[in-house]
Amino acid sequence: MHYYGNETIMSLEQVLRLKASEVRILEWVRTYEFLENSYGIDESVPYFLEIKCESEEVRIRKNRILDFPEFSCEEERCFPDVEQAIGVFHEWAQEILNKREIE
């Protein structure tokens, strides 16, 4: 896990263990643009995820990496609270991990 300004960056595996209370404290979390393979080598992933607490809502985004650091938002959803948002955020992280295992 790394901190960059007011943003916390963590692995997809760490995101799966992230709790709603932690998101409220951290306010803005995103995933790394890479994933360590079984040989300890970093491989790029096609997406990074973000969850951000804003004044009126919690916003989650699935961003497709184009030519790093360029990206485009592929999906964005807003929720009234972190408890609702964290479930979808976990689902997206698990989907990315599952696709990596198949490849």
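**View 1. Two aromatic pairs turn up in this predicted model, and here is the one between F48 and F71**. The structure is a prediction, so read the values below as computed from that model. F48 and F71 meet edge-to-face, with 5.0 Å from centre to centre and 75° between the planes. The two partners come from distant parts of the chain, 23 residues apart: F48 belongs to strand β6 (residues 47–53), while F71 sits in strand β8 (residues 71–79). What about burial? F48 is buried, at a relative accessible area of 6%, whereas F71 is partly exposed, at 38%.

**View 2. Here R30 lies over the face of F48**. The distance from R30 to the ring centre is 5.3 Å. R30 also has a partner in E33: their side chains share a polar contact of 2.4 Å.

**View 3. E33 sits in a loop, between β3 (28–31) and β4 (34–36)**. Is E33 buried or exposed? With a relative accessibility of 15%, below the 20% cut-off, E33 counts as buried. Setting aside neighbours within four places in sequence, E33 is in contact with E43, S44, V45, F48, I65 and F68. F48 on that list is the ring that R30 lies over.

**View 4. K52 has its charged end over the ring of W28**. Look for that charged end 4.1 Å from the centre of the W28 ring.

**View 5. The largest nonpolar core holds 24 residues**. Which members touch the most others? They are L12, L18, L49, I51, I60 and F89. At least two core residues come from each of α1 (12–16), α2 (20–26), β6, β7 (58–65) and α3 (82–102). Helix α3 gives the largest share, with nine residues.

**View 6. Zoom in on I60 and its contacts**. Not counting residues up to four places away in sequence, I60 touches a mixed group that includes the charged residues E50, E75, E76 and R77. Also touching I60 are I51, F79, A85, V88, F89 and W92.

**View 7. Stepping back, the protein chain has three helices and eight strands**. Their order from the N terminus is β-β-α-α-β-β-β-β-β-β-α. The radius of gyration is 13 Å, close to the 13 Å that the globule rule gives for 103 residues, so the chain is as compact as a globular protein of that length. Along its principal axes, the C-alpha trace spans about 40 × 25 × 25 Å. Buried residues make up 38% of the 103. Of the contacts with a separation of 6 or more, 33% are between residues 24 or more positions apart.

Definitions and conventions: Residues numbered from 1 in each chain as written. Predicted model: local features only at pLDDT ≥ 70, side-chain atom pairs only at ≥ 80, totals over all residues. Heavy atoms only, no water. Phe/Tyr/Trp six-rings, centres within 6.5 Å; stacked < 30°, edge-to-face > 60°. Helix = DSSP H or I, 4+ residues; strand = E, 2+ residues; numbered from the N terminus. Buried < 20%, exposed > 50% of the residue type's maximum accessible area, 1.4 Å probe, protein only. Lys NZ or Arg CZ within 6 Å of the ring centre and 35° of its normal. Polar contact = N/O pair within 3.5 Å; in protein donor to acceptor, adjacent residues only side chain to side chain. Contact = heavy atoms within 4.5 Å. Core = buried A, V, L, I, M, F, W, Y, C linked by side-chain atoms within 4.5 Å. Rg over C-alpha atoms; globule rule 2.2 N^0.38 Å.
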